[in-house]
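User: I should like to go through the terms used for this structure and see how each one is justified. Please set each value against its cut-off before concluding.

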Amino acid sequence: MKSYSQLSQEERYFISSSLARSHSIPSIAKELARSPSTVYRELHRNLRPSGRYAAAVAHSYATARRRRSRRGPHLPSEIVLLIHRLIGL
C-alpha cells in the first residue's frame, strides 16, 4: 500500500497546463500516476472564485490550509498547564 503524499507545486502546474490543452482528468491522473479522484479533489478544493484553475493560486490555497491545520493547542496555555497538573504530568 502506498503512503499518502500531497501534490507538489510541479504536479499542480502539470494539471493546469494539461487542462489548458483540454486533456481529460483521467489522462492527467494517469500521467501523474495518481488516482483520478485525487485530481478531481484538487480541482474542487482549489478552484479560483472565477471557476478557473491556476496552479500558483491552488498551491497557495493548499499551503494555507496545511499551515492552518498545524496550529498548536486551541486552549490557552494556562488551561493546558492546569490540565497537566490535574492529571499528574
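User: Why does Glu42 count as buried?

Analyst: The model is a predicted one. In this model Glu42 has 7% relative accessibility. Buried means under 20% relative accessible area, so Glu42 counts as buried.

User: What makes the pairing of Glu42 with Arg12 a salt bridge?

Analyst: The closest N and O atoms of Glu42 and Arg12 are 2.8 Å apart. The definition asks for a side-chain nitrogen of Lys or Arg within 4 Å of a carboxyl oxygen of Asp or Glu, and the pair is therefore a salt bridge. Glu42 lies in helix 3 and Arg12 in helix 1, so the salt bridge ties together parts that are 30 residues apart in sequence.

User: Is Arg12 buried or exposed?

Analyst: Arg12 has a relative accessible area of 4%. The limit for buried is under 20%, so Arg12 is buried.

User: How many salt bridges does the structure hold, and what does Glu11 pair with?

Analyst: The structure holds 2 salt bridges. In one of them Glu11 pairs with Arg34, and their closest N and O atoms are 3.0 Å apart. The cut-off is 4 Å, so this pair is a salt bridge as well. Glu11 is in helix 1 and Arg34 in the loop between helix 2 and helix 3, so that the pair links distant parts of the chain, 23 residues apart. Glu11 and Arg34 are both buried.

User: Which residues make up the largest nonpolar core?

Analyst: The largest nonpolar core has 10 residues: Leu7, Ile15, Ile25, Ile28, Ala29, Leu32, Val39, Leu43, Tyr53 and Ala58. Two or more of its residues come from each of helix 2 and helix 3. Helix 2 gives the most, with 4 residues. The term core applies because its members are buried nonpolar residues joined through side-chain atoms within 4.5 Å. In soluble globular proteins, nonpolar side chains tend to be buried together.

User: What does Ile28 of this core touch?

Analyst: Leaving aside residues up to four places away in sequence, Ile28 touches Phe14, Ile15, Ser18, Leu19, His23 and Val39. Ser18 is found in helix 1, and with the same sequence neighbours left out it touches His23 and Ile28. Ser18 has 0% relative accessibility; the limit for buried is under 20%, so Ser18 counts as buried.

User: How do you know that helix 4 has the span expected of a helix?

Analyst: At 1.5 Å a residue, the 15 residues of helix 4 (residues 55–69) should span 21 Å. The end C-alpha atoms are 21 Å apart, which agrees with that value. The buried residues of helix 4 are Ala55, Ala58, His59, Ala62 and Ala64. Helix 1 and helix 3 are among the parts that cover them.

User: What makes Ser22 and Ala33 notable in their phi values?

Analyst: Most residues other than glycine have a negative phi. Ser22, however, has a phi near 65 degrees, and Ala33 has a phi near 60 degrees. Both values are positive, in residues other than glycine. Ser22 is found in the loop between helix 1 and helix 2, and Ala33 in the loop between helix 2 and helix 3.

User: Are Ser22 and Ala33 buried or exposed?

Analyst: Exposed means over 50% relative accessible area. Ser22 has 66%, so it is exposed; Ala33 has 55%, so it is exposed too.

User: Why is Leu75 called partly exposed?

Analyst: Leu75 has a relative accessible area of 45%. Partly exposed covers the range between 20% and 50%, so the term applies to Leu75. Leu75 lies in the loop between helix 4 and helix 5. With Ile79, Leu82, Ile83, Leu86, Ile87 and Leu89, Leu75 makes a nonpolar surface patch of about 710 Å².

User: How far is Pro76 from Ile28?

Analyst: The C-alpha atoms of Pro76 and Ile28 are separated by 45 Å, the two residues being 48 residues apart along the chain. Pro76 lies in the loop between helix 4 and helix 5. With a relative accessible area of 43%, Pro76 is partly exposed.

Notes
Residues are numbered from 1 along each chain as its sequence is written. This is a predicted model: local features need pLDDT of at least 70, side-chain atom pairs count only at pLDDT 80 or more; totals for chains, interfaces and linings use all residues. Side-chain values use heavy atoms; hydrogens and water are left out. The expected span of a helix is 1.5 Å times one less than its number of residues. Buried means under 20% relative accessible area, exposed over 50%, partly exposed in between (1.4 Å probe, protein chains only). Contact means heavy atoms within 4.5 Å. Patches are made of residues with over 30% relative accessible area and no salt bridge: like charges are joined within 9 Å, nonpolar side chains (Val, Leu, Ile, Met, Phe, Trp, Tyr) within 5 Å. Accessible areas come from the Shrake-Rupley method with a 1.4 Å probe; for residues, only the protein chains shown count as cover.
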